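Biologist: I'd like to go through this model with you, one question at a time. Please spell out your cut-offs as we go.

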Amino acid sequence: LTTVGSGVAITFNGTSTEADIADNDNFSFGDGFQDDAFSIFALVNMTDATNSTILSKWDVTATLREWRFHFDANDDLTLELYDESANTYIGRKDDTAFTQGAWKLVVATYDGTATNNGIRIYIDRSRLDDVDVSSGVYVAMENTAQEVEIGEITDSDKLMFDGKLAMVGLTG
(Lines give C-alpha, C1' and ligand atoms only; values in the text may rest on other atoms or scores of the structure.)
Protein backbone atom coordinates (compact mmCIF):
# COMPACT_ATOMS: atom_id res chain seq x y z
CA LEU A 1 0.00 0.00 0.00
CA THR A 2 1.08 3.55 -0.76
CA THR A 3 -0.43 6.73 0.62
CA VAL A 4 -1.77 9.25 -1.89
CA GLY A 5 -2.71 12.46 -0.09
CA SER A 6 -5.13 11.26 2.58
CA GLY A 7 -5.92 8.06 0.67
CA VAL A 8 -4.29 4.76 -0.12
CA ALA A 9 -3.13 3.27 -3.42
CA ILE A 10 -2.69 -0.42 -4.08
CA THR A 11 0.18 -1.73 -6.20
CA PHE A 12 -0.89 -4.30 -8.77
CA ASN A 13 2.00 -6.42 -10.07
CA GLY A 14 0.71 -7.15 -13.59
CA THR A 15 0.65 -10.92 -13.07
CA SER A 16 -1.47 -11.94 -10.08
CA THR A 17 -2.87 -8.94 -8.16
CA GLU A 18 -6.58 -8.23 -8.69
CA ALA A 19 -9.86 -7.85 -6.83
CA ASP A 20 -13.39 -9.09 -7.52
CA ILE A 21 -16.82 -7.74 -6.63
CA ALA A 22 -19.79 -10.13 -6.75
CA ASP A 23 -22.26 -9.67 -9.60
CA ASN A 24 -25.13 -7.30 -8.92
CA ASP A 25 -27.68 -5.76 -11.30
CA ASN A 26 -26.40 -2.32 -10.25
CA PHE A 27 -23.18 -3.02 -12.19
CA SER A 28 -24.99 -3.79 -15.48
CA PHE A 29 -26.06 -0.98 -17.79
CA GLY A 30 -27.95 -2.81 -20.52
CA ASP A 31 -30.87 -5.21 -20.83
CA GLY A 32 -30.24 -6.51 -24.36
CA PHE A 33 -32.57 -3.89 -25.87
CA GLN A 34 -31.25 -0.57 -24.60
CA ASP A 35 -28.36 0.77 -22.55
CA ASP A 36 -28.21 3.12 -19.59
CA ALA A 37 -25.60 5.82 -19.07
CA PHE A 38 -22.66 5.16 -16.74
CA SER A 39 -19.18 6.38 -15.87
CA ILE A 40 -15.96 4.85 -14.62
CA PHE A 41 -13.07 6.70 -13.02
CA ALA A 42 -9.74 5.85 -11.42
CA LEU A 43 -6.52 7.40 -10.28
CA VAL A 44 -3.68 5.42 -11.91
CA ASN A 45 0.11 5.41 -11.94
CA MET A 46 1.15 2.88 -14.55
CA THR A 47 4.32 0.80 -14.46
CA ASP A 48 3.41 -0.79 -17.81
CA ALA A 49 0.11 0.18 -19.41
CA THR A 50 0.28 -2.44 -22.19
CA ASN A 51 -2.84 -4.63 -22.07
CA SER A 52 -3.69 -3.51 -18.52
CA THR A 53 -7.30 -3.59 -17.29
CA ILE A 54 -8.54 -0.97 -14.85
CA LEU A 55 -12.12 -2.17 -14.29
CA SER A 56 -14.24 -4.71 -16.14
CA LYS A 57 -17.35 -6.84 -16.25
CA TRP A 58 -15.85 -9.05 -18.94
CA ASP A 59 -15.32 -12.83 -19.14
CA VAL A 60 -14.06 -14.01 -22.52
CA THR A 61 -13.94 -17.72 -21.62
CA ALA A 62 -17.59 -17.95 -20.49
CA THR A 63 -18.76 -15.29 -22.99
CA LEU A 64 -20.11 -12.98 -20.30
CA ARG A 65 -18.92 -9.64 -21.65
CA GLU A 66 -20.50 -6.27 -20.83
CA TRP A 67 -17.93 -3.47 -20.48
CA ARG A 68 -14.22 -2.95 -19.88
CA PHE A 69 -12.04 0.09 -19.19
CA HIS A 70 -8.49 -0.78 -20.14
CA PHE A 71 -5.30 -0.03 -22.00
CA ASP A 72 -4.84 -1.87 -25.30
CA ALA A 73 -1.66 -3.38 -26.80
CA ASN A 74 -0.54 0.12 -27.84
CA ASP A 75 -1.07 1.60 -24.33
CA ASP A 76 -4.19 3.45 -25.58
CA LEU A 77 -6.85 4.11 -22.92
CA THR A 78 -10.08 2.46 -24.13
CA LEU A 79 -13.70 1.85 -23.09
CA GLU A 80 -15.45 -1.03 -24.87
CA LEU A 81 -19.08 -2.14 -24.55
CA TYR A 82 -20.12 -5.61 -25.72
CA ASP A 83 -23.41 -6.89 -27.16
CA GLU A 84 -22.96 -10.55 -26.25
CA SER A 85 -26.01 -11.89 -28.15
CA ALA A 86 -24.84 -10.28 -31.41
CA ASN A 87 -21.11 -10.79 -30.75
CA THR A 88 -20.48 -7.10 -31.52
CA TYR A 89 -19.02 -4.13 -29.69
CA ILE A 90 -18.58 -0.37 -29.68
CA GLY A 91 -15.94 1.75 -28.01
CA ARG A 92 -13.67 4.78 -28.09
CA LYS A 93 -10.02 5.24 -27.26
CA ASP A 94 -7.29 7.82 -26.95
CA ASP A 95 -4.95 6.90 -29.80
CA THR A 96 -1.88 8.17 -27.95
CA ALA A 97 0.29 5.94 -25.78
CA PHE A 98 -0.46 6.60 -22.12
CA THR A 99 2.14 8.38 -19.97
CA GLN A 100 3.59 5.89 -17.51
CA GLY A 101 5.19 6.61 -14.14
CA ALA A 102 2.96 9.55 -13.15
CA TRP A 103 -0.40 9.84 -11.39
CA LYS A 104 -3.27 10.46 -13.84
CA LEU A 105 -7.02 10.72 -13.31
CA VAL A 106 -8.73 8.67 -16.02
CA VAL A 107 -12.47 8.80 -16.72
CA ALA A 108 -14.77 7.10 -19.23
CA THR A 109 -18.40 8.13 -19.70
CA TYR A 110 -21.15 6.57 -21.79
CA ASP A 111 -24.49 8.26 -22.49
CA GLY A 112 -26.48 5.08 -23.28
CA THR A 113 -27.07 5.89 -26.97
CA ALA A 114 -25.54 2.66 -28.36
CA THR A 115 -23.07 4.64 -30.50
CA ASN A 116 -19.33 5.16 -30.43
CA ASN A 117 -19.95 8.90 -30.17
CA GLY A 118 -21.76 8.32 -26.87
CA ILE A 119 -18.45 7.29 -25.27
CA ARG A 120 -15.95 9.84 -23.98
CA ILE A 121 -12.47 9.34 -22.53
CA TYR A 122 -10.80 11.90 -20.28
CA ILE A 123 -7.29 12.06 -18.85
CA ASP A 124 -6.67 14.74 -16.21
CA ARG A 125 -9.85 16.65 -17.22
CA SER A 126 -8.98 16.76 -20.95
CA ARG A 127 -11.22 14.91 -23.39
CA LEU A 128 -8.88 12.76 -25.46
CA ASP A 129 -10.96 10.11 -27.27
CA ASP A 130 -10.17 10.29 -30.96
CA VAL A 131 -10.69 6.81 -32.43
CA ASP A 132 -13.71 4.49 -32.64
CA VAL A 133 -13.22 0.80 -31.88
CA SER A 134 -16.13 -1.32 -33.03
CA SER A 135 -17.26 -4.45 -34.80
CA GLY A 136 -20.66 -5.29 -36.26
CA VAL A 137 -24.09 -3.86 -35.48
CA TYR A 138 -24.30 -3.12 -31.76
CA VAL A 139 -27.73 -2.99 -30.06
CA ALA A 140 -27.13 -3.09 -26.28
CA MET A 141 -25.21 -4.82 -23.51
CA GLU A 142 -26.88 -7.75 -21.77
CA ASN A 143 -27.07 -8.11 -17.99
CA THR A 144 -24.78 -11.12 -17.42
CA ALA A 145 -23.74 -12.98 -14.26
CA GLN A 146 -20.12 -11.80 -14.59
CA GLU A 147 -18.52 -10.26 -11.50
CA VAL A 148 -16.83 -6.86 -11.58
CA GLU A 149 -13.06 -7.17 -11.64
CA ILE A 150 -10.53 -4.57 -10.58
CA GLY A 151 -7.26 -5.03 -12.41
CA GLU A 152 -8.14 -7.84 -14.84
CA ILE A 153 -10.61 -9.51 -17.18
CA THR A 154 -11.41 -13.21 -17.05
CA ASP A 155 -9.43 -14.76 -19.89
CA SER A 156 -6.48 -17.05 -20.39
CA ASP A 157 -4.02 -14.12 -20.35
CA LYS A 158 -6.10 -12.00 -17.92
CA LEU A 159 -4.83 -8.57 -19.11
CA MET A 160 -3.67 -7.71 -15.58
CA PHE A 161 -3.14 -4.15 -14.28
CA ASP A 162 0.53 -3.22 -13.77
CA GLY A 163 1.02 -0.19 -11.55
CA LYS A 164 -0.65 1.69 -8.71
CA LEU A 165 -4.40 2.15 -8.54
CA ALA A 166 -6.47 4.35 -6.23
CA MET A 167 -9.98 5.80 -6.09
CA VAL A 168 -11.69 3.43 -8.53
CA GLY A 169 -15.36 4.23 -9.09
CA LEU A 170 -18.33 3.10 -11.16
CA THR A 171 -21.60 5.04 -11.26
CA GLY A 172 -24.82 4.95 -13.22
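## Strands, rings and charges

Biologist: In strand 14, which residue is the bridge partner of Phe12?

Modeller: Strands here are DSSP runs numbered from the N terminus (E, at least two residues; helices would be H or I, at least four). Two of them pair if DSSP finds at least two bridges between them. Strand 2 (residues 7-13) and strand 14 (residues 162-171) pair in the antiparallel sense over four bridges. Within strand 14, Phe12 has as its bridge partner Gly163.

Biologist: What kind of model is this, and from which number do the residues count?

Modeller: It's a predicted model, in which local features need pLDDT of at least 70 and side-chain atom pairs count only at pLDDT 80 or more, while totals for chains, interfaces and linings use all residues. Side-chain values use heavy atoms, with hydrogens and water left out, and residues along each chain, as its sequence is written, are numbered from 1.

Biologist: Which residue in strand 14 is the bridge partner of Ile40?

Modeller: Strand 14 also pairs with strand 4, in the antiparallel sense, over seven bridges. In strand 14, Ile40 is bridged to Leu170.

Biologist: There's an open sheet too, so to speak; which are its edge strands?

Modeller: That open sheet has seven strands in the order 3-13-5-6-7-8-12, paired antiparallel. Each edge strand pairs on one side only, and they are strand 3 (19-21) and strand 12 (131-132).

Biologist: And in strand 7, what does His70 bridge to?

Modeller: Strand 6 and strand 7 (residues 77-83) run antiparallel and are joined by five bridges. The strand 7 partner of His70 is Thr78.

Biologist: On to the rings. How far apart in sequence are the parts tied together by Phe38 and Trp67?

Modeller: Rings of Phe, Tyr and Trp (its six-membered ring) pair if their centres lie within 6.5 Å; planes under 30 degrees apart are stacked, over 60 edge-to-face, and the rest tilted. That gives seven aromatic pairs. One is Phe38 with Trp67, tilted at 6.0 Å centre to centre and 45° between the planes. Phe38 lies in strand 4 (residues 38-46) and Trp67 in strand 6 (residues 64-71), so the pair ties together parts whose separation in sequence is 29 residues.

Biologist: Is Trp67 buried or exposed?

Modeller: Buried means under 20% relative accessible area, exposed over 50%, and partly exposed in between (1.4 Å probe, protein chains only). Phe38, at 3%, is buried. Trp67 has 0% relative accessibility, so it counts as buried.

Biologist: What about Phe38 and Tyr110: how many residues apart in sequence are the parts they tie together?

Modeller: Those two form an edge-to-face pair, 5.9 Å centre to centre with 70° between the planes. Phe38 lies in strand 4 and Tyr110 in strand 9 (residues 104-110), so the parts this pair ties together are apart in sequence by 72 residues.

Biologist: Which strand gives the largest share of the largest nonpolar core?

Modeller: A nonpolar core is a set of buried Ala, Val, Leu, Ile, Met, Phe, Trp, Tyr and Cys residues joined through side-chain atoms within 4.5 Å. The largest has 30 residues, and Ile54 and Leu81 have the most contacts inside it. Its largest share, five residues, comes from strand 4.

Biologist: Where do Lys93 and Asp72 lie?

Modeller: Their side chains meet in a salt bridge (3.0 Å, N to O), meaning a side-chain nitrogen of Lys or Arg within 4 Å of a carboxyl oxygen of Asp or Glu. The pair ties together parts 21 residues apart in sequence, because Lys93 lies in strand 8 and Asp72 in the loop between strand 6 and strand 7.

Biologist: Which side chain does Lys93 join through a 3.1 Å polar contact?

Modeller: A polar contact is a pair of N or O atoms within 3.5 Å; within protein, one must be able to donate a hydrogen and the other to accept it, and residues adjacent in sequence count only if both atoms are side-chain atoms. Lys93 is buried at 10% relative accessible area. At 3.1 Å, its side chain is joined to that of Asp76.
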